[in-house]
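Trainee: I'd like to learn how to read a model like this one. Could you walk me through it?

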Amino acid sequence: MDMTSKNSSKNKSIGVVGMGSFGTAIANMLAEKNPVVAYARRAELVDEINQEHSVDGSPVSENILATQDPEMLCKSCEILFFMVPSSAFQEVVRAFSPYLYPYHIIIHGTKGLCLNLPKGKTLADMEVIKREHILTMSEVILKETVVVRVGCLAGPNLAKELAKGQPAATVVASKFNEVIHHGQNLLRSDKFQVYGNSDIIGVELSGVLKNIIAIAAGALAGLGLGENAKGLLISRGMVELIYLGNALGGSLKSFVGLAGIGDLVTTCNSTLSRNYTVGFRLAQGESLETIQNTMQEVAEGINTVRLMKTFVEGTGMRAPITENLYKVLFEDLLIEDALQYLMKYPFSVDVDFL
């Protein structure tokens, strides 16, 4: 048996850009098989990783070398994992762009969307948001760099559980089979299964849209409304996710897979999820501003609600959960009133997309 192809990525350094909780968990998993070069913005974090082999006090693999230098990372690694919040994603990709070549492969793990608006315009200036005004993270990479082979990592991957080595699975999505194979070879282990999917847009959208439903699930829990109500919300949320996802160019298959329903169920049931926590705290009476100021990492769902509400208005579709959540987050609608509205919403058919 020819071992060279199977181990072609063996012992080459793998790049990880962004050492938040998810980035750190992935860097540790990659470091079990390969040396890892990790990019972090903060000088003190780079020093901590290199000297103490820890991130904010939690131990990480000694196989991880940290740097603040994009050029050094791009020169030493052909495969890069971008694990940056969507609010900083475009800026970080632009910082790396001068050092990236078509031979690089980028797999990102960011569950967010980016705006692609005419110069000088903001979301508030736009009456209608169309599909061309919205970029998934793979589209940002393709727009800002010469990299061609792009992939995405998605699924029920709560960073705290991954860090403990609890069993999980993920989806690597890409139009390129070799990107999926690299992702599988680098990440797969006894505790971590890696599936492939060629519908990268659908997989990206699954990870983005489920965050909306997760905020609503947290709010239900914060109000103490029980499991029946949550079952209703998750199943209605799934339908809404599929409608929105189809309108944005994803396929049904991806939404009912691990990156869609798998991630949705996990995030809607987890006190470890940032988006769930936002909903829970809102329901307890805290303001959105207070919640955002006291969270260590970004809850992507807040930005997604704002963006999707504007998109939905331009399409003439209805997305009752998204629309009501927008009013709760940004227009002072009481959560109780939003839920009352959803309970009375005239859903005449249970599932009408099959």
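Mentor: We'll go from the whole chain to the sheet, and then to some annotated residues. Keep in mind that this is a predicted model.

Trainee: Let's start big. How many helices and strands does the protein chain have?

Mentor: Counting the elements is a handy first step. Here you get 17 helices and twelve strands. Next, check the radius of gyration against the globule rule: the chain comes out at 20 Å, close to the 20 Å given for 354 residues, so it is as compact as a globular protein of that length. The C-alpha trace spans about 60 × 45 × 40 Å along its principal axes.

Trainee: What share of the 354 residues is buried?

Mentor: Buried residues account for 53%. For contacts with a separation of 6 or more, 70% link residues 24 or more positions apart.

Trainee: Now the sheet. In what order do the eight strands run?

Mentor: Read a sheet from one edge to the other. This one is open, with mixed pairing, and goes S5-S2-S1-S6-S7-S10-S11-S12. S5 (64-67) and S12 (192-197) are the edge strands; each has a single partner, so one side of each lacks a neighbour in the sheet. On average, neighbouring strands are turned by 25 degrees against each other, direction ignored.

Trainee: In which sense do S10 and S11 pair?

Mentor: Antiparallel, over four bridges. As one example, Leu-153 has Val-172 in S11 as its bridge partner.

Trainee: And which strands does helix H12 lie across?

Mentor: Look for what packs on the sheet. H12 (residues 258-268) lies across S10, S11 and S12, at about 145 degrees to S11. Helix H5 (residues 86-96) lies across S1, S2, S6 and S7, running at about 155 degrees to S6.

Trainee: Which residues does the UniProt "binding site" annotation cover?

Mentor: Treat the record as a pointer, then inspect each residue. The unreviewed UniProt entry lists Lys-111, Gly-155, Lys-210, Asp-263, Ser-273, Arg-274 and Asn-275. Of these, Lys-111 is included in the lining of the second largest cavity.

Trainee: Take Gly-155. Is Gly-155 buried or exposed?

Mentor: Relative accessible area tells you, with under 20% counting as buried. Gly-155 has 0%, so it is buried. Gly-155 sits in the loop between S10 (149-154) and helix H7 (159-163). Beyond its sequence neighbours within four places, Gly-155 contacts Lys-111, Thr-170, Leu-258, Ala-259 and Asp-263.

Trainee: Where does Asn-275 lie?

Mentor: In helix H13 (residues 274-283). Asn-275 counts as buried too, at 6% relative accessibility. Leaving aside neighbours within four places in sequence, its contacts include Asn-211, Ala-214 and Glu-300.

Notes
Residues are numbered from 1 along each chain as its sequence is written. This is a predicted model: local features need pLDDT of at least 70, side-chain atom pairs count only at pLDDT 80 or more; totals for chains, interfaces and linings use all residues. Side-chain values use heavy atoms; hydrogens and water are left out. UniProt positions are given in the numbering used here, feature names are shortened, and annotations may be inferred rather than shown by experiment. On a 1 Å grid over the protein atoms alone, a cavity is a set of points where a 1.4 Å probe fits but cannot get out, and a pocket is an open set with protein on both sides within 12 Å along at least five of seven lines; lining residues have an atom within 4 Å of a point. Helices (H or I, at least four residues) and strands (E, at least two) are DSSP runs, numbered from the N terminus. Buried means under 20% relative accessible area, exposed over 50%, partly exposed in between (1.4 Å probe, protein chains only). Contact means heavy atoms within 4.5 Å. Two strands pair if DSSP finds at least two bridges between them. Axes are lines fitted to C-alpha atoms, for helices over the stretch in contact, and angles run from 0 to 180 degrees between N-to-C directions. The radius of gyration is taken over C-alpha atoms; the globule rule is 2.2 Å times the number of residues to the power 0.38.
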